[in-house]
Amino acid sequence: MDAPHAVGGPAPAEPGRAALEVNPLPGRSGIRARGEISALTRPSWEQALSELAQRHAGVSYVELSDVAFVDVAGVTALAVTAMNLPDGRVVVENPPPQLPRVLEMFWPGLDRIEVAL
């Protein structure tokens, strides 16, 4: 089992600066994100998704209950990652409200992502 680590780590606590921390989920295949997914944090988000795809084995979980915001490009990175998996699916748990809306708007038939509210 992988030891918890931050992909990119949180950004310095500066007023107006976005931060994103991503760690492996304990006990199951997946990641937990905390913070926000935007232009400032996208490199860390995309790196975390790349690592998730490399370890994917059937079902991968993405826990987002501590994510306050995800922009359209962040949802796009998630959708592209899911579409490029050889098999299985990604279960997105407790996402911010805009994520399911963006998925439905741009990828209405994408069965590789399951959203669990």
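Visitor: How are α2 and α3 set relative to each other, roughly parallel or roughly perpendicular?

Guide: Keep in mind that this is a predicted model. The axes of α2 (residues 72-83) and α3 (residues 98-106) come within 10 Å and cross at roughly 65°. Angles from 65 to 115 degrees fall in one class, so the two helices are roughly perpendicular.

Visitor: Which hand does the crossing of α2 and α3 have, left or right?

Guide: Look at where the axes of α2 and α3 cross, at roughly 65°. That crossing is right-handed.

Visitor: Which residues of α3 make the contact with α2?

Guide: On the α2 side, you've got V72, V75, L78 and A79. By class, the contact has eight nonpolar residues, with no polar and no charged ones. The α3 side brings in L99, V102, L103 and F106.

Visitor: What about α1 and α2, are they roughly parallel or roughly perpendicular?

Guide: Helix α1 spans residues 42-55, and its axis is 10 Å from that of α2. They pack at an angle of about 15°. Anything under 35 degrees counts the same way, so α1 and α2 are roughly parallel.

Visitor: How many charged residues are in the contact of α1 with α2?

Guide: From α1 come R42, W45, E46, L49 and A53, while α2 offers A73, G74, A77, L78 and T81. Sorted by class, that's six nonpolar and two polar. The charged ones number two.

Visitor: Which ring does the charged end of R28 sit over?

Guide: For an arginine, the cut-off is CZ within 6 Å of the ring centre and within 35 degrees of the ring normal. The charged end of R28 is 4.5 Å from the centre of its ring. That ring belongs to Y61.

Note on methods: Residues numbered from 1 in each chain as written. Predicted model: local features only at pLDDT ≥ 70, side-chain atom pairs only at ≥ 80, totals over all residues. Heavy atoms only, no water. Axes fitted to C-alpha atoms, helices over the stretch in contact; angles between N-to-C directions. Helix = DSSP H or I, 4+ residues; strand = E, 2+ residues; numbered from the N terminus. Parallel < 35°, antiparallel > 145°, perpendicular 65-115°, else oblique. Left-handed = near helix turned anticlockwise from the far one by under 90°. Contact = heavy atoms within 4.5 Å. Nonpolar A, V, L, I, M, F, W, Y, C, P; charged D, E, K, R; others polar.
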